[in-house]
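User: I have a protein model open and want to practise reading it. Can we go through it step by step?

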Amino acid sequence: MSLSLNQRTTQRWTVAEAVDGCVRHGLEAVGLWRENVAEQGLAESVKLVRAAGLRVSSLCRGGFMTAGGLPGDEGRRAFARALDDNRRAIDEAAELGAACLVMVVGGLPGVTPGEPLPAGPAGARGVAAGGGGYGGVAAGGFSRDLAGARERVAEALAELAPYAGERGVKLALEPLHPVYCPDRAVLSTLGQALDLSLAHPEKQVGVVVDTFHVWWDPRLFEDIARAGRRIVSYQVCDYLHPLPADVLLGRGMMGDGVIGFPPITRAVLAAGYTGDVEVEIFNADIWAADPDEVVATMKARYEDVVLPAGA
């Protein structure tokens, strides 16, 4: 394994600056984000990465496929839009030669990431449509049908996996910590993501092991072993305690939180993973710091905190 800089860790850096930073710090790989690639231009991003001799360890992100769980024409249109956007993401990953396209699958239909639940008539939230119970679509336009949302993910994968496989792209299902289940990912454990991936060829669909999201799972080591070569991305950062008010920014530099990394790293290695270890941190203080200092600290913590002794 070797170390990769996920572009989100150095939030201020453009694709060009991230590529240059990787080269200056002796890194061999970079994880890119679609919006940054769009700002730089896809063709220019490809040119920069190839000229620098870097691998693209991942492209973030595809997914958000659950809006199809809304009823009627609204749901059908949302599902079609999600499929179209994911096909574009697959094409971008293919152009970049990315090791995988990370798939954050989406939360409950109608719930917007990081925003309050939509209010229904007279400000009533969570009142089920049609006067029914609490299983269906609420008056505010969101759904509590968690099982149905997961079914929409499976349906979308059935459409997208062959398309990805034809273009040499692996879709990497990323389970997120359960706190993100309402708005970002209805897959909360590695086992859930793995079970969903098994309906498709290994060359088309795999899973992400992100320490922030899965460190707490009592079945983690069992599911890492079960995943084997389905693991197509290993992402690391720490889980801070207490979490900040915005839990999205609760990721810390390795060693600053509660995660014990060496056992997870050993398990991922034993499962057969030979890809890059990508550091992905969402943290306001780290984003405000000098990116070069962040990368230097990241390298040191990778050696001292993430790798098992003797690795």
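User: Which strand is joined to β3 by 4 bridges?

Analyst: This is a predicted model. In it, β3 pairs with a strand made of residues 101-104. The two run parallel. The partner is β4.

User: Which residue of β4 stands opposite G63?

Analyst: G63 belongs to the pairing of β3 with β4, so look across to β4 for its partner. The residue there is V104.

User: How many bridges join β2 to β3?

Analyst: Strand β2 covers residues 29-33. It runs parallel to β3. Within this pair, V30 stands opposite V56 in β3. The number of bridges joining β2 to β3 is 5.

User: How many of the 9 residues of β3 are buried?

Analyst: Buried means under 20% relative accessible area. Strand β3 spans residues 55-63 and is largely enclosed by the rest of the structure, because the buried count is 7.

User: What is the radius of gyration of the whole protein?

Analyst: The protein has 11 helices and 10 strands. For 311 residues the globule rule gives 19 Å, and the model comes close to that, so the protein is as compact as a globular protein of that length. Its C-alpha trace spans about 60 × 40 × 40 Å along the principal axes. The radius of gyration is 19 Å.

User: What share of the contacts with a separation of 6 or more comes from residues 24 or more positions apart?

Analyst: Start with burial: of the 311 residues, 53% count as buried. Now turn to contacts, taking those with a separation of 6 or more. Residues 24 or more positions apart account for 77%.

User: Which residue meets D85 in a salt bridge?

Analyst: Side chains of opposite charge can pair when their charged atoms come close. Here the N to O distance is 3.4 Å, and the cut-off is 4 Å. The two residues are 3 apart in helix α4, so about one helical turn separates them. The partner of D85 is R88.

User: Is R88 buried, exposed or partly exposed?

Analyst: Exposed means over 50% relative accessible area, and buried means under 20%. R88 has 47%, so it falls between those limits. R88 is partly exposed.

User: In the salt bridge of E155 and R152, which residue is buried?

Analyst: Both residues lie in helix α5, 3 residues apart. Their side chains meet at 2.9 Å, N to O. E155 has a relative accessible area of 38%, so it is partly exposed. The other value is 17%, so the buried residue is R152.

User: What is the relative accessible area of D183?

Analyst: D183 forms a salt bridge with R184, with the closest N and O atoms 3.1 Å apart. R184 is buried at 16%. D183 is buried too, and its relative accessible area is 11%.

User: Which residue forms a nonpolar surface patch with W215 and W216?

Analyst: The patch has about 250 Å² of accessible area together. Its third member lies in the loop between β9 and α9. That member has a relative accessible area of 42%, so it is partly exposed. The residue is V258.

User: How far apart are the C-alpha atoms of L243 and R88?

Analyst: L243 lies in the loop between β8 and β9. At 30% relative accessibility, L243 counts as partly exposed. L243 and R88 are 155 residues apart along the chain. Their C-alpha atoms are separated by 34 Å.

Conventions: Residues numbered from 1 in each chain as written. Predicted model: local features only at pLDDT ≥ 70, side-chain atom pairs only at ≥ 80, totals over all residues. Heavy atoms only, no water. Patch = residues over 30% accessible without salt bridge, like charges linked within 9 Å, V, L, I, M, F, W, Y side chains within 5 Å. Areas by Shrake-Rupley, 256 points an atom, 1.4 Å probe, with all protein chains shown as cover. Buried < 20%, exposed > 50% of the residue type's maximum accessible area, 1.4 Å probe, protein only. Rg over C-alpha atoms; globule rule 2.2 N^0.38 Å. Contact = heavy atoms within 4.5 Å. Pairing = 2+ DSSP bridges.
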